[in-house]
Amino acid sequence: MKISARNVLSGKVVSIVRGPVSTEVTLEIAPGLQITSSITTNSADALKLKEGSKAYGVIKASSVMIGVDD
């Protein structure tokens, strides 16, 4: 897989919550560390996602904000 995004996180699919239009996919990228993405259900079907399978979280953002408490 070659892509331009620099933030690619390898993980294991631990949860798939399918809806009629969108599907929530949760990846475990490290022990106890998970990320969740909302993708179209058509995309989830095309990727043939299954719990326990390997997948990648690809993060592409033009800006990332940082905040702190007052």
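Strand 4 supplies six residues to the lining of the largest pocket, and this is the largest share of that lining. The model described here is predicted. Its chain has 70 residues, of which 19% are buried, and its secondary structure consists of one helix and four strands. The points below cover the overall layout, the pocket, the surface patch, the salt bridge, and several individual residues.

**Overall layout**

- In sequence order, the elements of the chain follow the pattern β-β-β-α-β.
- The C-alpha trace of the chain extends over about 40 × 30 × 25 Å along its principal axes.
- Strand 1 covers residues 7-18, strand 2 covers 22-30 and strand 3 covers 33-40.
- Helix 1 covers residues 41-46, and strand 4 covers residues 54-59.

**The largest pocket**

- The space in the largest pocket amounts to about 330 Å³.
- Its lining consists of 14 residues, and those nearest the centre of the pocket are L27, S37, A55, Y56 and G57.
- Three strands, namely strand 2, strand 3 and strand 4, each contribute at least two residues to this lining.
- By residue type, the lining comprises 10 nonpolar residues, three polar residues and one charged residue.

**A nonpolar patch on the surface**

- The residues M1, I3, V8, Y56 and V58 make up a nonpolar patch on the surface.
- Together, these residues have about 470 Å² of accessible area.
- One member of the patch, I3, is located in the segment before strand 1.
- The relative accessible area of I3 is 43%, so this residue is classed as partly exposed, a class that lies between the 20% limit for buried and the 50% limit for exposed.
- Y56 belongs to this patch and is also among the residues nearest the centre of the largest pocket.

**The salt bridge**

- The structure contains one salt bridge.
- D45 and R18 form this salt bridge, and their closest N and O atoms are 2.8 Å apart.
- Because D45 lies in helix 1 and R18 in strand 1, the pair ties together parts of the chain that are 27 residues apart in sequence.
- D45 is partly exposed, with a relative accessibility of 44%.
- R18 is likewise partly exposed, with a relative accessibility of 43%.

**Residues of helix 1 and the loop that follows**

- A44 has its place in helix 1 and counts as buried, because its relative accessibility is 0%, and buried means under 20%.
- The C-alpha atoms of A44 and K60 are 19 Å apart in space, while the two residues are 16 residues apart in sequence.
- N42 also has its place in helix 1, but N42 is exposed, because its relative accessibility is 64% and exposed means over 50%.
- N42 is 38 residues from S4 in sequence, and their C-alpha atoms are 23 Å apart in space.
- K48 is found in the loop between helix 1 and strand 4, where it is exposed with a relative accessible area of 67%.
- The phi angle of K48 is positive, at about 55°, although K48 is not a glycine.

**Residues of strand 2**

- T23 lies in strand 2 and is buried, with a relative accessible area of 1%.
- T23 and I39 are 16 residues apart along the chain, and 5.4 Å separates their C-alpha atoms.
- S22 is also in strand 2, and it counts as partly exposed at 37% relative accessibility.
- Between S22 and S43 there are 8.9 Å in space, C-alpha to C-alpha, and the two are 21 residues apart in sequence.

Notes:
Residues numbered from 1 in each chain as written. Predicted model: local features only at pLDDT ≥ 70, side-chain atom pairs only at ≥ 80, totals over all residues. Heavy atoms only, no water. 1 Å grid on protein atoms, 1.4 Å probe; cavity = no way out; pocket = protein on both sides within 12 Å on 5 of 7 lines; lining within 4 Å. Points joined across faces, edges and corners; volume = space filled by probe spheres on them. Nonpolar A, V, L, I, M, F, W, Y, C, P; charged D, E, K, R; others polar. Patch = residues over 30% accessible without salt bridge, like charges linked within 9 Å, V, L, I, M, F, W, Y side chains within 5 Å. Areas by Shrake-Rupley, 256 points an atom, 1.4 Å probe, with all protein chains shown as cover. Salt bridge = Lys/Arg side-chain N within 4 Å of Asp/Glu carboxyl O. Buried < 20%, exposed > 50% of the residue type's maximum accessible area, 1.4 Å probe, protein only.
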